[in-house]
Amino acid sequence: TFPYANLIINVSGSFVIGLLAEAFETRVLVSPVVRAALLTGVLGGYTTFSSFSLETLSLLRDGEWLLAFVNVAGSVLLGLVAVWLGVRLAQML
């Protein structure tokens, strides 16, 4: 089956990282340590790259090449769009 939950987690995490990164750059003063802890630590822990990799490998092992490609392309492309949308939203606030 397609790993929808993992895709949703990764895309939503990308959105929040974009939003907070832009806010930290332009509006909210936080120390570099707090920024790293929140963006890399908390949100890095929320997103699931290792699970994404394992689920993609499982799809490939099961011969589900198309689903594996959709998972990789969708996660990367949707993640980039989500980061961009988060940045744009932070700029508009």
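Helices and strands are here DSSP runs, of at least four residues for a helix and at least two for a strand, numbered from the N terminus. The model treated in these exercises is a predicted one.

**Exercise 1. The overall build**

Task: Find how many helices and strands the protein has, and describe the order in which they follow along the sequence.

Solution. Begin with the count, which gives four helices and zero strands. Next, read along the sequence, where the pattern is α-α-α-α. Then turn to the extent of the chain: along its principal axes the C-alpha trace spans about 50 × 25 × 15 Å. Finally, consider burial and contacts, where 28% of the 93 residues count as buried, and where residues 24 or more positions apart account for 72% of the contacts with a separation of 6 or more.

**Exercise 2. Helix 1 beside helix 4**

Task: Decide whether helix 1 and helix 4 are roughly parallel or roughly antiparallel, and state which residues make the contact.

Solution. The first step is to take the axes of helix 1 (residues 4-26) and helix 4 (residues 65-92), which come within 7 Å and cross at roughly 30°. The second step is to compare this angle with the cut-off, since angles under 35 degrees count as roughly parallel; helix 1 and helix 4 are therefore roughly parallel to each other. The crossing of these two helices is right-handed. The third step is to list the contact, to which helix 1 contributes Leu 7, Val 11, Ser 14, Phe 15, Gly 18, Leu 19, Glu 22 and Ala 23, while the residues of helix 4 include Gly 74, Ser 75, Leu 78, Gly 79, Ala 82 and Gly 86. Sorted by character, the residues of this contact are twelve nonpolar, seven polar and one charged.

One residue of this contact can be followed further. Gly 86, found in helix 4, has a relative accessible area of 0% and is buried. Apart from neighbours within four places in sequence, Gly 86 is in contact with Phe 15, Gly 18 and Leu 19. The C-alpha atoms of Gly 86 and Thr 40, by comparison, are separated by 16 Å, with their positions 46 residues apart along the chain.

**Exercise 3. Helix 1 beside helix 2**

Task: Work out whether helix 1 and helix 2 are roughly parallel or roughly antiparallel, and then examine Arg 35, which lies in helix 2.

Solution. Start again from the axes: those of helix 1 and helix 2 (residues 32-46) come within 10 Å and cross at roughly 175°. Angles over 145 degrees count as roughly antiparallel, and helix 1 and helix 2 are therefore roughly antiparallel to each other. In the contact, residues of helix 1, among them Ile 9, Val 16, Leu 20 and Phe 24, meet Arg 35, Leu 38, Leu 39, Leu 43 and Tyr 46 of helix 2. The residues of this contact divide into ten nonpolar, two polar and two charged.

Now look at Arg 35, which counts as partly exposed because its relative accessibility is 26%. Not counting residues up to four places away in sequence, Arg 35 touches Ala 21, Phe 24, Glu 25, Val 30 and Thr 40. From Arg 35 to Leu 77 the distance is 25 Å, C-alpha to C-alpha, and the two are 42 residues apart in sequence.

**Exercise 4. A pair of aromatic rings**

Task: Describe the aromatic pair formed by Phe 49 and Phe 52, and say for each ring's residue whether it is buried or exposed.

Solution. A pair of aromatic rings is described by the distance of the centres and the angle of the planes. For Phe 49 and Phe 52 the centre to centre distance is 5.6 Å and the angle between the planes is 40°, and the pair is tilted. Both residues lie in helix 3 (residues 49-61), three residues apart, about one turn of the helix. As for accessibility, Phe 49 is exposed, with a relative accessible area of 61%, whereas Phe 52 is buried, with a value of 10%.

**Exercise 5. A loop residue and a tryptophan**

Task: Determine whether Thr 48 is buried or exposed, and do likewise for Trp 84.

Solution. Thr 48 is found in the loop between helix 2 and helix 3. Since buried means under 20% relative accessible area, Thr 48 is buried at 19%. Leaving aside neighbours within four places in sequence, Thr 48 is in contact with Asn 6, Ile 9 and Asn 10. Trp 84 is found in helix 4, and at 52% relative accessibility Trp 84 counts as exposed.

Methods:
Residues are numbered from 1 along each chain as its sequence is written. This is a predicted model: local features need pLDDT of at least 70, side-chain atom pairs count only at pLDDT 80 or more; totals for chains, interfaces and linings use all residues. Side-chain values use heavy atoms; hydrogens and water are left out. Axes are lines fitted to C-alpha atoms, for helices over the stretch in contact, and angles run from 0 to 180 degrees between N-to-C directions. Angles under 35 degrees count as roughly parallel, over 145 as roughly antiparallel, 65 to 115 as roughly perpendicular and the rest as oblique. A crossing is left-handed if the near helix is turned anticlockwise from the far one by less than a right angle, and right-handed if clockwise. Contact means heavy atoms within 4.5 Å. Ala, Val, Leu, Ile, Met, Phe, Trp, Tyr, Cys and Pro count as nonpolar, Asp, Glu, Lys and Arg as charged, and the others, Gly among them, as polar. Rings of Phe, Tyr and Trp (its six-membered ring) pair if their centres lie within 6.5 Å; planes under 30 degrees apart count as stacked, over 60 as edge-to-face and the rest as tilted. Buried means under 20% relative accessible area, exposed over 50%, partly exposed in between (1.4 Å probe, protein chains only).
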